[in-house]
Structure formats: C-alpha cells, structure tokens
Amino acid sequence: MSDDKIEKTPLVKEIPPKARDLSEWYQAVCYKAELVSLAPVRGCVVLRPYGFGLWERLQSELDRRFKETGHENAYFPLLIPESLLVREAEHVEGFAPEVAWVTEGGNEKLTERLAIRPTSEVVIGVMYAEWLQSYRDLPILINQWVNVMRWEKRTRPFLRTLEFLWQEGHTAHATEREAAEEVQRMLDIYRSVAQDIVGVPVYAGEKSESERFPGANHTFSIEALMPDGRALQAATSHELGQNFAKAYDIKFAAEDQTVQYAWTTSWGMSWRMLGALIMVHGDDRGLRIPPKMAPVEAVIVPIVRAGSDEVVAAARALLATLKGAGLRVKLDERDLRPGNKFSDWEMRGVPLRVELGAKDIEAGVATLVRRDKEKGEEGGKLVVPLAEVAARIAALLEDIQANLYREARAFLESHTLRPSDRSEFFERCRERAGMIDIPWCGLESCEAIVKAETSATTRVTRPLEGGESTCVACGEPAAMRAFFAQSY
RNA sequence: CGGGAUGUAGCUCAGCUUGGUUAGAGCGCUCGCCUUGGGCGCGAGAGGUUCGCAGGUUCGAAUCCUGUCAUCCCGACCA
C-alpha cells in the first residue's frame, strides 16, 4: 500500500486535529486516552488508571527529590476550622472566593464552619507552632501528597478542577536566608522535573506583586507555553516570611536566647503538570508521552498467524526479557487486528511499539516503531536483532525523551518574543503570540493596563540583563525583565 | 457570575421547525466465521426502564412552555 493512502486515512478518528481547536483536541485526548472521566459532580474528574499511572510517575520523580533534599512526608487534616483560617488576613482574603465549607455534620449544624482545605498553610502552621520549641528543632521539612479543593467557576481536566491532587511542601527555618534558599532549591527541583522528566521547557522566575500567593512575601513559579500561545503555571514556591509564623505563633528560642518567629515556605506542584505534558507533546494521533513519564514505555504487539503459537510464545519470552531489563513493558494479546492495536497505543502515547511477527521470528529480529516520529520519517521504524532489543530500546527511549524536549524547547524559543515598542508589545500580547519578554517597570498600574487591554499578565520576572532603560509597556524606567502572556 | 450553545444507545449524531402508529443511523459492544505487518474481512445479535431532570400545555410531547441540573465556547474571576 502506498504512503499516500496511509496519509489520507484518519489516524485516530475519535480525535480532531490539534491545530484546529486545541481545547476540543485536548478534551478528546483526555477522555479517549482514558486518562480521566467526568465525575457525577460538577467540575470534578475521575482519574482513571492510565491517568493515575502518569500521576504516579510524576509523584515518584518528585518524591525522590524531596527525600534527597531532606524532606519527609506526613498527612494533615482535610478540614480547617474557620477561626483558624481567618488569622492570616491576606491569606483568607485571597482564598475566600474559592473555599468550600462544611456546615453540617450528621444531622446537626456545626457551631463553626469547616473549610475544605484549598491549601494547608494554616493547619500545618498551627501544628508547627505546637512542635517548635528551640532552634534545634529547625528546620522542619515536611511534604504531603493530598487532594485540595478550590471552588472554581470554570473547570477543565487537569488544568482546573474543583478537587485536584498535588503535593504541598511546608517548611520552617531559623533565618530568612535559609528559607529563601529552600524556596529556590524547590523551584529548581520543579524546573528540572518539568524539563528533564516531563520534557516541558519552562521559564522560572519571580511572580509580580499582583500574581503573588496570598500571604507570601515572594512567589516564584515555573511557566510553560502551550501550543495556543497561552502560558501555564506549572508549580510555585513561596517565601512566606514571618507572616504565617506571626499569625499562627510559630516561634522558637534562638541560640542567642531570644524568642524568634520562624521563617516559613511552601511549594507545590499539581496534576496540572500533566495537562502541560498532554498539550505540549500531543499530536493529531493523540498523546505522546516522554519515556520517563510513560506508565508503559514499550508495548509489544504480536502479529499472530493462524495456528501459530510460536509468535505468542516468542512475544511472551520477549516480554519477560524486557521486564528483566527493568523496562515498563506491556504485551497486547487482545483479540484485535494489529492495526487497531497500533492506533490504540499511539493514541495513548506509548513511546515505543515492538512488532513481532512470524517473519521477524524467522529472521531473528523485532521491529521497533517510535511514537515521536511521523510515519515514514527517517529513523521511525527499525529492525533490530532480538538479542539486542532490550539495549536498543533503552537507547531509543533516551533519544525519544531528548527529541520530545528538543521539539518543545524549539517551540518555546521561537515563541518567545522581544518586541521593542509599545504598540508591537500590545499587539503580540493580544494575539497570544507566546511569551512576550520585555524590560518592565514593575508597576502594578502598568500591569493592570496591559491586562485590561490585552488580557495578558506577567508570568514571571527576572533581573535586568543590563542596557535596558525603559519599560516597553509604559515608558517608565525599567526595573526588571518580565514575560507577559495570556494564561490558563 | 454575565453572554452564547448543547443535553436522544457506550461514542458521534439524525428526528424537534409543521406534536400523533413499535424512536433511528454509523461506530463501538456480544456471538460465530476469517486469521491478523496500519485501523471500514464476512455474518448474526444485544442494547434506549422513551429522548438530562422536574413541572406544565394537550385527547396525545423527544418535539411546545417554565424551571432546574450538567457540559462546551466567550468573558469576568482564578493561591
């Protein structure tokens, strides 16, 4: 059959072209690849096994790094008494519109409302106050893997749902400097997991005042760029100063015999990161999962002929070999035609397909097909001696990981623009051209004007590079560089 | 929360304007045959407690009216 015919066949009929409507494509992929299902509750999703597999990959990569940097996991309650929540004024005010409340228990009205945690600074802070006595108790380095709830107006799978999964780290330190270092350390971990594991290139930096976490002195984040030119905040890390310490009485006896308030931090990454993975890497055939994130790194599809068990036997033997080599492999023995299986696993984004048929066995080979390459693309399909399959797969997975990142990086870079005059800047912001990088004054009023006229806001800021003198948006003296973009 | 749209089989949808016998199609699913190197090989079959839910109009409602819930798009909001 000709390549021409293959081109014209709809590859995955359930999924519309990505470029036509990203939102429609995104939802189709989320549902058809069985990552999530809509739940019978408004704005909530069920994370299905395959989606949970992605989450587990992310979890294990992050968790390992948290442990390596001295953090321990713990668990704090879901409910927060209102009287505790209101103690940090800025914090409550910031979260008020998104908090869900429990007002009844059993058949009785509660005397005090209980907030379902939108984040846990409060409960954790209260406990830290109880546990912390001496500078010898510091630092406190705790993380928890939990669900949180925020009553959002508009929801989308992974990107924004009422209930979502995340991890939140909460630490307390003796000095501002240590707390600041912690915040940067965790931001670095987020950046490296996003880029090296999830394959999503990001810009890291500090949030502007208006984008800051309620109750924080400094908020840092990593920001990724989606194919439609909107930015996605993928993780945050906050310096909370002594704000929460003062509100919740987190203090200790210092070495110099004075009583001091601790310096606290918090940092989090949610399953939203998976939304970025889906949008950044996916194509018209569905998901493309970077190998390090893939619940299944390679799938073996046996090409079975009638009355021949030897192909099945060989496939099973290969499965055992590959598993033995430490690979996450699956053998697809479903009673479907091979083409069907091909498209199915492609839609699910499995990085490598191993085809094994009678001809291969006779020749002592297996056929490997990469998900990151187009059909017919150079290097997309390889015939490899059976004895070398495990080694070749390992190498190919690395190459696929690098290739997906390279593609995403090229997109980010080609969509990072540096307009030099005001009208061009506004135009680029309006048309969602990408990350619009300018010298910026840092003034809230300037940001508000840009937002009102273009819906773009600052994503992250960083120090000036030298040489810039004025803000491209308003002409005031430049104080920093900032990426502007419309965001999710 | 404002503006717009949509809810009929597991999925995608037709039927609704001009109410009226047993509510349809394709895909999927099940069973058999075929035997599988890129998706629609052949045949048979099941599946809607009756059209999101609740009221109303009517002799009669998937179809008209009201309300409600949910989803999608645009906007506002969004640690």
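These legends describe close-up views of a predicted model.

**View 1. Helix 10 and its buried face.** Helix 10 covers residues 310-324. Its 15 residues should span 21 Å at 1.5 Å a residue, and the end C-alpha atoms are 21 Å apart, which agrees. Val-311, Val-312, Ala-315, Leu-318, Leu-319 and Leu-322 are the residues of helix 10 that are buried. Seen down the axis of helix 10, these buried residues fall within an arc of 120°, so they line one face of the helix. An α-helix has 3.6 residues a turn, so residues three or four places apart point the same way. Glu-310 and Gly-324, on the other side of helix 10, are exposed.

**View 2. Cover over helix 10, and the residue that follows the helix.** The buried residues of helix 10 are covered by elements that include strand 15 (298-303), strand 16 (329-331) and strand 17 (352-357). Helix 12 (358-363) and helix 13 (389-414) are also among the elements that cover them. Just after helix 10, Gly-326 has a positive phi of about 85°.

**View 3. Helix 14 and its surroundings.** In helix 14, residues 422-430, the side that is buried includes Phe-425, Phe-426 and Cys-429. Down the axis of helix 14, the buried residues lie within an arc of 95°, so they line one face of the helix. Their cover includes strand 21 (435-440), helix 15 (444-454) and strand 23 (480-485). Arg-432, just after helix 14, takes a positive phi of about 55°.

**View 4. A nonpolar surface patch.** Tyr-75, Leu-78 and Leu-79 make a nonpolar patch of about 270 Å² on the surface. Leu-78 belongs to the loop between strand 3 (72-73) and strand 4 (79-81). The relative accessibility of Leu-78 is 32%, and Leu-78 therefore counts as partly exposed, the class between buried, under 20%, and exposed, over 50%.

**View 5. The loop that holds Arg-20.** Arg-20 sits in the loop between helix 1 (3-8) and helix 2 (22-32). With a relative accessible area of 57%, Arg-20 is exposed, since the cut-off for that class is over 50%. Between Arg-20 and Glu-413 the separation is 393 residues in sequence and 22 Å in space, taken from C-alpha to C-alpha.

**View 6. The peptide bond between Leu-138 and Pro-139.** Leu-138 and Pro-139 are joined by a cis peptide bond, with omega at about -5°. Pro-139 is placed in the loop between helix 6 (121-131) and strand 7 (140-149). Most residues other than glycine have a negative phi, and most peptide bonds are trans.

**View 7. Asp-249 and its positive phi.** Asp-249 is a residue other than glycine with a positive phi, near 65°. The loop that contains Asp-249 runs between helix 8 (243-248) and strand 12 (251-253). Asp-249 has a relative accessible area of 38% and is partly exposed.

**View 8. Gln-257 and its positive phi.** Phi of Gln-257 is also positive, near 75°, in a residue other than glycine. Gln-257 lies in the loop between strand 12 and strand 13 (259-261). Its relative accessible area is 74%, and Gln-257 is exposed.

How values were computed:
Residues numbered from 1 in each chain as written. Chains lettered and ligands numbered in written order. Predicted model: local features only at pLDDT ≥ 70, side-chain atom pairs only at ≥ 80, totals over all residues. Heavy atoms only, no water. Helix = DSSP H or I, 4+ residues; strand = E, 2+ residues; numbered from the N terminus. Expected span 1.5 Å × (residues − 1). Buried < 20%, exposed > 50% of the residue type's maximum accessible area, 1.4 Å probe, protein only. Arc of directions from axis to C-beta. Contact = heavy atoms within 4.5 Å. Patch = residues over 30% accessible without salt bridge, like charges linked within 9 Å, V, L, I, M, F, W, Y side chains within 5 Å. Areas by Shrake-Rupley, 256 points an atom, 1.4 Å probe, with all protein chains shown as cover. Salt bridge = Lys/Arg side-chain N within 4 Å of Asp/Glu carboxyl O.
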